[in-house]
Amino acid sequence: MLHMVKLAVGIQSIEDLALRQSLQTPPVDDLDGTDPTGMPWFRTRMYPRRAAEMVDGGSIYRVISGRILCRQRITAIRPDTREDGTACALVMMAPEIIPVSPRAMRPFQGWRYLRPEDAPPDLRAHDHTGDVLPEALRNELAELCLI
């Protein structure tokens, strides 16, 4: 299993990411036999050489405002074509957005592989009540290096 980490460009919060994904239209075609309706997705220029490892239980970790804040399980990666005809990779994800323990990350281009042992833990794993802190409070605590 292998994860991917990618900047969420133009996204200000986890709620903003969820809203943007809810407004997505499905990709134009369905080459791999799965129904993309209602599934969040993004396109990336480079096709991952280790795609099979990411689809086998991996997640996409999102960097929002300089911190890794959440993840979504990767369900499929397939070759695709952008509207202008250039080749790309289409990454399909499970709809559930899972908050993770915030971790600072500098900006970078594209995406990076993320080994499971280097991935931040889910917040639910640390919360004995089952509640997740509100994102604004979580961000404030992270800025103060308290979580």
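In the predicted model, strand E1 (residues 3–7) runs parallel to strand E3, to which it is joined by 4 bridges. Within this pairing, Val 5 of E1 has Tyr 61 of E3 as its bridge partner. Strand E1 is also joined by 4 bridges to strand E7 (residues 111–114), but here the two strands run antiparallel, and Lys 6 stands opposite Trp 111 of E7.

Strand E1 is mostly covered, with 5 of its 5 residues buried. In a regular strand, the side chains alternate between the two faces of the sheet. In E1, His 3, Val 5 and Leu 7 point one way, whereas Met 4 and Lys 6 point the other way, and the residues of both sets are buried.

Strand E3 (59–64) also belongs to the surroundings of helix H1 (residues 14–22), since the buried residues of this helix pack against E3 as well as against strand E4 (67–81), strand E5 (87–93), strand E6 (98–104) and helix H3 (135–143). The buried residues of H1 are Ile 14, Leu 17 and Gln 21. Viewed down the axis of H1, these buried residues fall within an arc of 55°, and they therefore line one face of the helix.

Strand E4 contains Arg 71, a residue that is buried, with a relative accessible area of 15%, a value below the 20% cut-off for burial. Two polar contacts involve the side chain of this arginine: one, of 2.8 Å, is made with the side chain of Ser 59, and another, likewise of 2.8 Å, joins Arg 71 to the side chain of Asp 122. When residues up to four places away in sequence are not counted, Arg 71 touches Ser 59, Ile 60, Tyr 61, Glu 96, Ile 97, Ile 98, Val 100 and Asp 122. The list of contacts thus includes Tyr 61, the residue that serves in E3 as the bridge partner of Val 5.

With regard to the cysteines, a search of the whole structure finds 0 disulfides; a disulfide would require a pair of cysteine sulfur atoms within 2.5 Å. Cys 70 is buried, with a relative accessible area of 0%, and Cys 88, at 5% relative accessibility, also counts as buried.

Terms used
Residues numbered from 1 in each chain as written. Predicted model: local features only at pLDDT ≥ 70, side-chain atom pairs only at ≥ 80, totals over all residues. Heavy atoms only, no water. Buried < 20%, exposed > 50% of the residue type's maximum accessible area, 1.4 Å probe, protein only. Arc of directions from axis to C-beta. Contact = heavy atoms within 4.5 Å. Polar contact = N/O pair within 3.5 Å; in protein donor to acceptor, adjacent residues only side chain to side chain. Pairing = 2+ DSSP bridges.
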